[in-house]
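This report is written for a reader who is beginning to study protein structure. Please examine the sequence and the model shown here before reading on.

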Amino acid sequence: MKTFVLIAGGTGGHLFPAMALAQELIRRGHAVELMTDHRVESYGADFPARQIHVVPAATPSGANPVRMAGAALTIARGIGVAWRGLRRLRPDAVIGFGGYPTFPPFIAASLLGIPGILHEQNAVMGRANRALARFADVLAMSFPATRFAEKHGNLEKVLTGNPVRDRVRALAGRPYPALDGKGPVRLVVTGGSQGARVLSDVVPLAIALLPEELRRRLHIVQQARPEDIDRVAESYRRSRTGVELAAFIPDLPERIAEAHLVIGRAGASTVTELCVIGRPAILIPLPGALDSDQMHNGLFLEEGGGGWVAEQATVSPQSLANRLLELLADPGRLEAAAAAALSLGQPQAVEKLADLAEMLAGRHIQSEGRPMK
């Protein structure tokens with residue numbers, strides 16, 4: 001048995017792939033610990049780790065020197081906390097999943113000589129991972145073309161894909177639901193783990209512009225921020241459209257598998273799960289994101305034939321309604337896009353990443369001359 005410490009920021013986009021890897025490593029008989037930040041309370045309650053360690057972290061950005069100094073002190077404190085925890089745990093390897101909360105534990109692991117893998121979920125290498133690359137042994141990539149990865153020429157790079165949880169893998173390749181001109185049409189609208197206000201603003205108004213006959217057939221499941229739910233519900237009520245609204249959809253993978261079309265952001269987890277399950281989507285990438293990572297994720301799906309990208313700056317209720325009319329009138333096109341999305345999926349990503357973690361841990365044991373645990 002080996003011990004692995006997984007390091008991830010406390011949001012769904014970082015925790016979900018870490019959770020998938022934890023499940024696989026535990027199946028293989030290994031021990032798993034998680035180091036993360038305080039947000040784990042919202043998204044990681046059921047994380048399958050032997051223990052969850054909350055490490056102080058901060059984002060070193062902004063022009064305010066006082067805030068920068070405060071962030072530096074927090075990071076230094078986090079490195080100290082992580083160093084003491086890692087020294088006690090003596091893991092065989094650490095795997096970081098990006099975000100600035102990864103910073104203190106990953107640096108502490110490097111100081112202790114513990115080998116590390118950085119996993120990049122997006123089609124653009126994140127700034128935290130770029131900064132940490134010098135301390136890593138391997139970069140595991142989710143997309144064949146990962147922007148900025150080429151700048152780290154001496155770093156070993158392996159295409160593993162983005163791990164998905166067991167419940168998502170169980171839905172891989174489920175047949176696309178039949179769609180005709182009379183039966184129900186199922187839409188799922190999701191803004192990622194933190195919601196997206198633009199979807200609350202635009203989607204209900206776009207639905208209201210559709211012909212009444214089509215609206216009656218719609219079965220919509222929509223995620224919205226808690227503060228937006230009442231006004232979104234009122235908008236659907238006015239258009240006499242049935243909708244199920246929630247701030248968090250616990251069975252989202254199953255709802256996606258039942259859907260004919262998904263409307264959402266283009267976060268790495270969203271795009272990965274769409275591809276593994278095989279469902280078409282209209283994606284509205286988060287604008288203004290550093291290095292446009294969501295735009296690159298969305299373009300990967302669009303260029304592969306599995307979806308359509310709409311920029312937030314130009315999307316409107318009318319343009320979205322027109323796209324919906326166009327797609328829902330052509331079931332064959334949606335089914336073809338579902339098949340294309342499925343062809344882009346990598347449901348075996350978690351096995352590949354687990355193999356890589358075991359290999360790196362094995363190298364370390366041999367170099368240290370330590371007995372196997």
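The sections below describe the basis of the model, its salt bridges and one of its helices.

## Basis of the description

The structure is a predicted model, in which local features need pLDDT of at least 70 and side-chain atom pairs count only at pLDDT 80 or more, while totals for chains, interfaces and linings use all residues. Residues are numbered from 1 along each chain as its sequence is written, and side-chain values use heavy atoms, with hydrogens and water left out.

## Salt bridges between distant parts of the chain

How many salt bridges does the count come to? With a salt bridge defined as a side-chain nitrogen of Lys or Arg within 4 Å of a carboxyl oxygen of Asp or Glu, the count comes to 22.

One of them joins Arg27 and Asp166, whose closest N and O atoms are 2.7 Å apart. This pair links distant parts of the chain, 139 residues apart: Arg27 belongs to helix H1 (residues 12-27) and Asp166 to helix H6 (residues 166-169). Helices (H or I, at least four residues) and strands (E, at least two) are DSSP runs, numbered from the N terminus. Arg27 has a relative accessible area of 45% and is partly exposed; Asp166, at 29%, is also partly exposed. These terms rest on relative accessible area: buried means under 20%, exposed over 50%, and partly exposed in between (1.4 Å probe, protein chains only).

## Further pairs and a network

Asp291 and Arg130 form another salt bridge, with 2.2 Å between the closest N and O atoms. Asp291 lies in the loop between strand S12 (281-283) and helix H12 (293-303), whereas Arg130 is in helix H5 (residues 127-132), 161 residues apart. Asp291 is buried because its relative accessible area is 18%.

In the pair Glu351 and Arg169, the closest N and O atoms are 2.9 Å apart. Glu351 is in helix H15 (residues 349-368) and Arg169 in helix H6, with their positions 182 residues apart. Arg169 is partly exposed, at 23%. In addition, salt bridges link Glu24, Arg27, Arg28, Asp166, Asp355 and Glu358 in a network.

## Helix H3

Helix H3 (residues 65-89) has 25 residues, and its end C-alpha atoms are 36 Å apart, which agrees with the expected span of 36 Å. The expected span is 1.5 Å times one less than the number of residues.

Which parts of the chain cover the buried residues of H3? The buried residues include Ala71, Ile75, Ile79 and Leu86. Their cover includes strands S1 (3-7), S2 (31-36), S3 (51-54) and S4 (93-96), together with helix H4 (103-111), where contact means heavy atoms within 4.5 Å. Just after H3, Arg90 adopts a positive phi of about 50°.
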